[in-house]
Amino acid sequence: MSVSEQLEAVKEQIRAACFKSGRSEKEVTIIAVTKYVSIERAREAVEAGIEDFGENRLEGALEKYEALGNQVNWHFIGSLQSRKVKELLHAYRIIHSLDRKSLAKEIQKRSEEGQTTDCFIQLNVSGEESKAGIAADELAGFLDMLKAYPAVRVIGLMTMAPYTDDPEEVRPYFRKLRELRDETAAKHLPHAPCTELSMGMSNDYHIAVEEGATYIRLGSSLVGSE
Ligand SMILES: *Cc1c(COP(=O)(O)O)cnc(C)c1O
């Protein structure tokens, strides 16, 4: 299927989820995750009108950026090694995987005076050992620590839910992330407005939207997986 056709199907699901939960579709930004696909396919997504793109490895991320440039917004969604921050920051100014102090420190070091990078703090709300992210009870301390790194601007929270055949099972994790977001936003921290929620992938985005997602990250269901 063409990206346009897939996009229509995705938008239909978003509309239904928004209707069910009393939200506006305008609150939901679709990130096309192009890590599995070619530059040609990514270009097709640009032509279909998608304005936000996600990559999870430095090499692929830079390759896509070089091909498509600044006409779209680039989101880095994968685990990030500190030594790769320098190269990445030229192109990617939205990072969904902030999960440790050393990364914040590196972003600070590689930023020019007054320059900020929009970050999501990645949380492991399900407690699965294989998943990256900080635990919910570490969030307050983590936010406090980040005050020392003004180049890092916390715009929201991100999570990856466990994969299940029944996406209903992940609803509690999305709900938990929303509660943590609400608690953080209510603190009105200057370095962490924390208004956004990056959650929901191909398998479970309809549930994530019902639970308040403002960014959903779609690979296979939108651009495909090969
Ligand atoms: C690959 C990936 C996605 C997209 O996965 P799909 O299931 O293909 O939609 C979303 N988020 C992250 C962090 C990923 O690595």
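**Entry 1: aromatic pairs.** I searched the whole of this predicted model for aromatic pairs and obtained five. I then looked up two of them individually. For tyrosine 65 and tryptophan 74, I noted ring centres 6.2 Å apart and planes at 75 degrees, so I recorded this pair as edge-to-face. Planes over 60 degrees apart count as edge-to-face. I also checked the burial of these two residues: tyrosine 65 and tryptophan 74 are both buried. For phenylalanine 76 and tyrosine 92, the ring centres lie 6.0 Å apart and the planes stand at 85 degrees, so I entered this pair as edge-to-face.

**Entry 2: place of the ligand.** I next asked where the ligand sits. The ligand occupies the largest pocket. I counted 13 residues around the ligand. The closest of these are Lys35, Ser202, Arg217, Gly219 and Ser220. By class, I sorted the shell into seven nonpolar residues, four polar ones and two charged ones.

**Entry 3: contacts of the ligand.** I looked up distances from oxygen atoms of the ligand to N or O atoms of the protein. In serine 202, a side-chain N or O atom is 2.5 Å from a ligand oxygen. In lysine 35, a polar atom of the side chain lies 2.7 Å from an oxygen atom of the ligand. In glycine 219, the atom concerned belongs to the backbone: this N or O atom is 2.8 Å from a ligand oxygen. Finally, I looked up how much of the ligand is covered. On its own the ligand has 390 Å² of accessible area, and the protein covers 91% of that area.

Technical notes: Residues are numbered from 1 along each chain as its sequence is written. This is a predicted model: local features need pLDDT of at least 70, side-chain atom pairs count only at pLDDT 80 or more; totals for chains, interfaces and linings use all residues. Side-chain values use heavy atoms; hydrogens and water are left out. A residue is near a molecule or strand if one of its heavy atoms lies within 4 Å of it. A polar contact is a pair of N or O atoms within 3.5 Å; within protein, one must be able to donate a hydrogen and the other to accept it, and residues adjacent in sequence count only if both atoms are side-chain atoms. Accessible areas come from the Shrake-Rupley method with a 1.4 Å probe; for residues, only the protein chains shown count as cover. On a 1 Å grid over the protein atoms alone, a cavity is a set of points where a 1.4 Å probe fits but cannot get out, and a pocket is an open set with protein on both sides within 12 Å along at least five of seven lines; lining residues have an atom within 4 Å of a point. A molecule sits in a cavity or pocket if more than half of its atoms lie within 2 Å of its grid points. Ala, Val, Leu, Ile, Met, Phe, Trp, Tyr, Cys and Pro count as nonpolar, Asp, Glu, Lys and Arg as charged, and the others, Gly among them, as polar. Rings of Phe, Tyr and Trp (its six-membered ring) pair if their centres lie within 6.5 Å; planes under 30 degrees apart count as stacked, over 60 as edge-to-face and the rest as tilted. Buried means under 20% relative accessible area, exposed over 50%, partly exposed in between (1.4 Å probe, protein chains only).
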